[in-house]
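Student: I have a structure open in front of me and would like to go through it with you. Could we take it piece by piece?

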Amino acid sequence: MSTTLPTAEDLRARARAALERCGVDVDAIAGDQVSRSPINGQDLLPVAWTDAAGVDQAVARAAEAFRTWRSVPAPVRGDLVRRFGELLVEHKADIGELVSLEVGKITSEALGEVQEMIDVCQFAQGLSRQLYGRTMPSERPGHRLMETWHPLGVVGVISAFNFPCAVWSWNTAVALVCGDPVVWKPSETAPLTALACNAVLQQAIAEAGAPEHLSQVVIGAAEVGERLVDNPDVALLSATGSTRMGQAVGPRVAARFGRFLLELGGNNAAVVAPSADLDLATRGIVFAAAGTAGQRCTTMRRVLVHEDVADDLQARLTAAYERLPIGDPMTEGTLVGPLVNERAYQGLRHALEQAQQQGGKVLVGGGRRMEDASSGAYYVEPAIVRMPEQTDIVRQETFAPVLYVMTYRDLDTAIELNNAVPQGLSSSIFTSDQAEAEQFVSAVGSDCGIVNVNIGTSGAEIGGAFGGEKETGGGRESGSDAWRAYMRRATNTINYSGELPLAQGVDFSV
């Protein structure tokens, strides 16, 4: 692999051009903070950050927009989201390029993230005609019971670097059709991507004649997010990040009786049964474990393989890892791009040191590529570690490409190991035994929010609700009935009898 990386001038020019094509006035967004590219470790473009007062002003503007937007018929709101999806198709390459530039995703993964945005717009438009309530029988004659769903209010979104636009779109597309404006605090690692996405949505908003402040971006460090968390006019706070972040956010929103939706850590495992197709399992594991340089919440971090096939699978995985093309994520053929920063690299090194101290053996990877580059970029070889048991370091989430391999003898033990971590996001089993597959997805199987059979732990589709249990936070975004988090429910009793019978036979005659 060549150690030649793009120049800072080249990456800056590409970023500026992509922003301008999306409708961003690059000079107008300039400030005293500079975004950085993990591709070469160099600065991209200067960006102005929002202060605390700016956050409050954005929320106030969103609350004003809500007063209008909540009364717009839901199918009309859906039409705005449809147009946003069409514009995303036009700017797919531009936004994908910014994703690669700011977080280091390979081109196909960056484009895939934008495709998720397009997909959720299509889903949300259909949803705008399906915000169903229920009608229930009343115990009183001449009465009807029903539920109605109404727009909730301002939705605050705090997103993480690893999905710098898709997670925002999951929230925003659904929130908009539900009648809610959105104030978005993106990762300070990826402000340019956020500004481009918001500019595209603003075009759709303008074309629809909708309130201008339905979508706003507030850029800054943790204090900006904290201001959004604490603002009493933010009806729902959706936050994606570490478990530690969620432990801080949840109680603060709850203290003001707000709603929160948390998507936090993952420590995802695959069980590989003796009947598994090992070619299929190898492909599924390698993508889930090494894709995005191990920086997905759904990244596979543990493999629980049956003793009878452990050596065979281990050999296949090691050989696949040794062939992984590592380098500039915007170069064709690259499969593993850089870690986002030095902190991620240090996390990887710490995990490998701890694993070895706890009895593990590094089978492949773990080293840093391009160490002679003066840029400060962090390209690493994804690592596989054979562990004798599920030790303390294995139970922790390391946001880097390290995969722990352990063995089991019976499926009950494998399920125990899968569940014996604090996190509960994603899981999978590779098996040709239908009974094993059914047990794994049953109530006595995996305790995760996502439970797959014969695919890896990452690569969820937007049609299913996304989220997990335990320290993952318990929230659900995107598909299925996740829309209910963005609305409030009212139970209505309609009396058309002309009489006034009371429930439960209560007599209060006067």
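**Helix packing and other details**

Tutor: Let us begin with a pair of helices, H13 and H14, whose crossing is right-handed. Please keep in mind throughout that this is a predicted model.

Student: OK, at what angle do H13 and H14 pack, and how far apart are their axes?

Tutor: Helix H13, which covers residues 411-419, packs against H14 at an angle of about 30°, and their axes are 11 Å apart. Because angles under 35 degrees count as roughly parallel, H13 is described as roughly parallel to H14.

Student: Which residues in H13 and H14 meet?

Tutor: On the H13 side they are Leu 411, Asp 412, Ile 415 and Asn 418, and these meet Glu 436, Gln 439 and Phe 440 on the H14 side.

Student: Can we stay with Gln 439? What does Gln 439 touch?

Tutor: Gln 439 sits in helix H14, which runs over residues 434-441. If residues up to four places away in sequence are not counted, Gln 439 touches Leu 411, Asp 412, Ile 415, Val 444 and Gly 445. With Ile 415, which is 24 residues apart from Gln 439 along the chain, the separation between C-alpha atoms is 9.3 Å.

Student: And is Gln 439 buried or exposed?

Tutor: Neither word fits exactly, because its relative accessible area is 26% and Gln 439 is therefore partly exposed; buried would mean under 20%, and exposed would mean over 50%.

Student: Got it. What about H2 and H8, at what angle do they pack?

Tutor: Helix H2 (residues 52-69) and helix H8 (residues 222-230) pack at an angle of about 40°, and their axes lie 9 Å apart. That angle makes H2 oblique to H8, and the crossing of H2 and H8 is right-handed.

Student: Which residues in H2 and H8 meet there?

Tutor: From H2 there are Ala 52, Val 55, Asp 56 and Val 59, which meet Val 224, Arg 227 and Leu 228 from H8.

Student: I clicked on Val 234 as well. Where is Val 234, and what is it in contact with?

Tutor: Val 234 belongs to strand E8, which spans residues 234-240. Leaving aside neighbours within four places in sequence, Val 234 is in contact with Val 59, Val 154, Val 155, Gly 156, Leu 228 and Arg 256. Val 59 and Leu 228 also appear among the residues that meet between H2 and H8. Val 234 is buried, because its relative accessible area is 1%.

Student: New topic: aromatic rings. How many aromatic pairs are there?

Tutor: The count comes to six aromatic pairs. One of them is formed by Phe 84 and Trp 168, which are edge-to-face, at 5.9 Å centre to centre and with 75° between the planes. This pair links distant parts of the chain, since Phe 84 is in helix H3 (residues 74-90) and Trp 168 is in helix H6 (residues 166-178), 84 residues apart.

Student: Are Phe 84 and Trp 168 buried or exposed? And which residues form a cluster with them?

Tutor: Both Phe 84 and Trp 168 are buried. Together with Trp 184, they form one aromatic cluster.

Student: Which charged residues lie over the face of a ring?

Tutor: There is Lys 105, which lies over the face of Phe 163 at 3.5 Å from the ring centre, and there is Arg 368, which lies over the face of Tyr 345 at 5.8 Å from the ring centre.

Student: Last topic, backbone angles. Which residues have a positive phi although they are not glycines?

Tutor: Two examples are Phe 257, with a positive phi of about 60°, and Asn 454, whose phi is also positive at about 60°. Phe 257 lies in the loop between helix H9 (243-255) and strand E9 (259-263), while Asn 454 is in the loop between strand E19 (450-453) and strand E20 (465-466).

Student: How accessible are Phe 257 and Asn 454?

Tutor: Phe 257 has a relative accessible area of 79%, so Phe 257 is exposed, whereas Asn 454, at 28% relative accessibility, counts as partly exposed.

Definitions and conventions: Residues are numbered from 1 along each chain as its sequence is written. This is a predicted model: local features need pLDDT of at least 70, side-chain atom pairs count only at pLDDT 80 or more; totals for chains, interfaces and linings use all residues. Side-chain values use heavy atoms; hydrogens and water are left out. Rings of Phe, Tyr and Trp (its six-membered ring) pair if their centres lie within 6.5 Å; planes under 30 degrees apart count as stacked, over 60 as edge-to-face and the rest as tilted. Helices (H or I, at least four residues) and strands (E, at least two) are DSSP runs, numbered from the N terminus. Buried means under 20% relative accessible area, exposed over 50%, partly exposed in between (1.4 Å probe, protein chains only). A charge sits over a ring if NZ of Lys or CZ of Arg is within 6 Å of the ring centre and within 35 degrees of the ring normal. Axes are lines fitted to C-alpha atoms, for helices over the stretch in contact, and angles run from 0 to 180 degrees between N-to-C directions. Angles under 35 degrees count as roughly parallel, over 145 as roughly antiparallel, 65 to 115 as roughly perpendicular and the rest as oblique. A crossing is left-handed if the near helix is turned anticlockwise from the far one by less than a right angle, and right-handed if clockwise. Contact means heavy atoms within 4.5 Å.
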